[in-house]
Amino acid sequence: MKVSDELSFRNIEPDDQAELLKLRNSNSNLEFFKNPNPVSAEDHAEWFTSRTSEFKELQILAILSDRLIGIAFLVPIDDHSGSISINIDFEYQSQGIGQELLTRMLSRADSLGFTRIEALIHISNSKSISLFEKCGFIFDEKISELFNRYVKSTKQNTLIPFPKLS
Ligand SMILES: CC(C)(COP(=O)(O)OP(=O)(O)OC[C@H]1O[C@@H](n2cnc3c(N)ncnc32)[C@H](O)[C@@H]1OP(=O)(O)O)[C@@H](O)C(=O)NCCC(=O)NCCS
């Protein structure tokens, strides 16, 4: 079975809480966090409630045969800029899923009017740096000893229709 045959994408649902906690606390994800400790179930529940109520359309999940294997989500900074995070289950990394998910999230962000997207990336996270640069992000600023900010500025919302010619 090829991953691409069974892969689908959807918005977040209330039943995703437990699977997302597992993905969030997986070692391959924690490795590149500012705080590498697992999040507690309580903290995760609070995050999940806010994402499913206020920010429902700001995350896209990758599903393989009913199994949740990836997430990309955007945290708004202001009305037009946001910070993106992405995480693919270790077993399914390096098979094109991260790029597909990031591309979809950027397109969603564009359609929602975001014109500047940033990503804070650990200096030794070569996979992530390579993925984000491939998707048009450029180095912006060193923000700490271990993290750099990468930024992508998009054009105006491409879904705004051109004015009709009379
Ligand atoms: C970083 C991450 C999102 C990339 O997703 P992925 O599905 O593994 O990546 P893809 O297979 O879509 O590959 C897209 C690009 O990423 C880079 N990449 C992927 N695997 C790589 C590897 N093993 N080594 C170097 N670069 C790699 C390449 O540029 C690749 O493009 P290419 O296939 O044309 O060379 C994923 O590995 C992940 O979730 N890692 C743990 C959490 C994390 O680091 N999140 C990002 C925090 S900023």
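## Exercises on strand E3 and the ligand shell

Ile60 has Ala72 in E3 as its bridge partner. The model is a predicted one, in which local features need pLDDT of at least 70 and side-chain atom pairs count only at pLDDT 80 or more, whereas totals for chains, interfaces and linings use all residues. Residues are numbered from 1 along each chain as its sequence is written.

**Exercise 1.** Determine in which sense E3 pairs with E2 and with E4, and over how many bridges.

*Solution.* Start from the terms: strands (E, at least two residues) are DSSP runs numbered from the N terminus, as are helices (H or I, at least four), and two strands pair if DSSP finds at least two bridges between them. Strand E2 (residues 59-64) pairs with E3 in the antiparallel sense over six bridges, and the two form a hairpin with two residues between them, where Ser65 in the turn has a positive phi of about 45°. Next, E3 pairs with strand E4 (residues 81-88), again antiparallel, over seven bridges; here Ile71 stands opposite Asn87 in E4, and the hairpin has four residues between its strands.

**Exercise 2.** Find which element gives the most residues to the shell around the ligand, and how the shell divides by residue type.

*Solution.* Among the elements that give two or more residues are E4 and helix H6 (126-134). H6 gives the most, with six residues. Counting Ala, Val, Leu, Ile, Met, Phe, Trp, Tyr, Cys and Pro as nonpolar, Asp, Glu, Lys and Arg as charged, and the others, Gly among them, as polar, the shell divides into seven nonpolar, 13 polar and two charged residues.
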